[in-house]
Amino acid sequence: ASVFYEDEKHTLRFALNYRGETSQGFANYDQPVYTEERKQFDISYQFRMNETTTIFVDAMNITDEETRLYVRNSEMLFLSQDHGPVYKFGVRANF
């Protein structure tokens, strides 16, 4: 789900990304591996300076959600990854 605002100079977007439990394949001894459901909140902003130049800021996973994989049931943790939030700042120019 996302909510956004846009006009000639500004674009602002708030997004809640949800991913349900998914199957990832099999581990040793043919044990099924699953990824737990997770939610991630992202924000992005763009400012158009002129027709050719845009400044942008992106903040992804600002709620610092981790990714957890388990074998057979959720008590059998297989892997936990905490990549933390990701922030990007940049300038785009068209020539």
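1. Arg-48 is buried in this predicted model, with a relative accessible area of 19%. That value sits under the 20% cut-off for burial. The Arg-48 side chain forms a salt bridge with Glu-6, and the closest N and O atoms are 3.8 Å apart. The cut-off for a salt bridge is 4 Å. The pair links distant parts of the chain: Arg-48 lies in strand β5 (residues 38–48) and Glu-6 in strand β1 (residues 2–6), 42 residues apart.

2. How many salt bridges does the structure hold? The count is 3. Besides the pair formed by Arg-48 and Glu-6, there is a salt bridge between the side chains of Arg-68 and Glu-36, at 3.3 Å from N to O. This pair, too, links distant parts of the chain, with Arg-68 in strand β7 (residues 67–71), Glu-36 in the loop between β4 (32–35) and β5, and the two positions 32 residues apart.

3. Arg-68 also forms a salt bridge with Glu-66, where the closest N and O atoms are 3.7 Å apart. Glu-36, Glu-66 and Arg-68 are therefore to be read together, as a network of salt bridges.

4. Are the members of this network buried or partly exposed? Arg-68 counts as partly exposed, at 24% relative accessibility. Glu-36 is partly exposed at 23%, and Glu-66 is partly exposed with a relative accessible area of 31%. For Arg-48, by contrast, the class is buried, at 19%. The class boundary is 20%, so the labels for Arg-48 at 19% and Glu-36 at 23% should be read along with their values.

5. Thr-35 is found in strand β4 and counts as buried, at 10% relative accessibility. The Thr-35 side chain makes a polar contact with the side chain of Gln-24, at 3.1 Å. Leaving aside neighbours within four places in sequence, Thr-35 is in contact with Gly-20, Glu-21, Thr-22, Gln-24, Thr-67, Arg-68 and Leu-69. One of these contacts, Arg-68, belongs to the salt-bridge network with Glu-36 and Glu-66.

6. Two backbone values deserve a check. Most residues other than glycine have a negative phi. Asn-61 is not a glycine, yet has a positive phi of about 55°. Asp-64 likewise has a positive phi of about 55° without being a glycine.

7. Where do Asn-61 and Asp-64 lie? Asn-61 is found in the loop between β6 (53–60) and β7, and Asp-64 is found in the loop between β6 and β7 as well. Asn-61 is buried, with a relative accessible area of 6%, whereas Asp-64 counts as partly exposed, at 36% relative accessibility.

8. On the strands, β1 and strand β2 (residues 10–19) pair in the antiparallel sense over 5 bridges. A hairpin joins β1 to β2 through 3 residues. Strand β2 also runs antiparallel to β5, and 10 bridges join these two strands.

9. Which residues does Phe-14 face across the strands? Phe-14 in β2 stands opposite Val-3, and the bridge partner of Phe-14 in β5 is Ile-43. β2 thus has bridges to β1 and to β5, and the salt bridge between Glu-6 and Arg-48 links a residue in β1 with a residue in β5.

Terms used
Residues numbered from 1 in each chain as written. Predicted model: local features only at pLDDT ≥ 70, side-chain atom pairs only at ≥ 80, totals over all residues. Heavy atoms only, no water. Helix = DSSP H or I, 4+ residues; strand = E, 2+ residues; numbered from the N terminus. Buried < 20%, exposed > 50% of the residue type's maximum accessible area, 1.4 Å probe, protein only. Polar contact = N/O pair within 3.5 Å; in protein donor to acceptor, adjacent residues only side chain to side chain. Contact = heavy atoms within 4.5 Å. Pairing = 2+ DSSP bridges.
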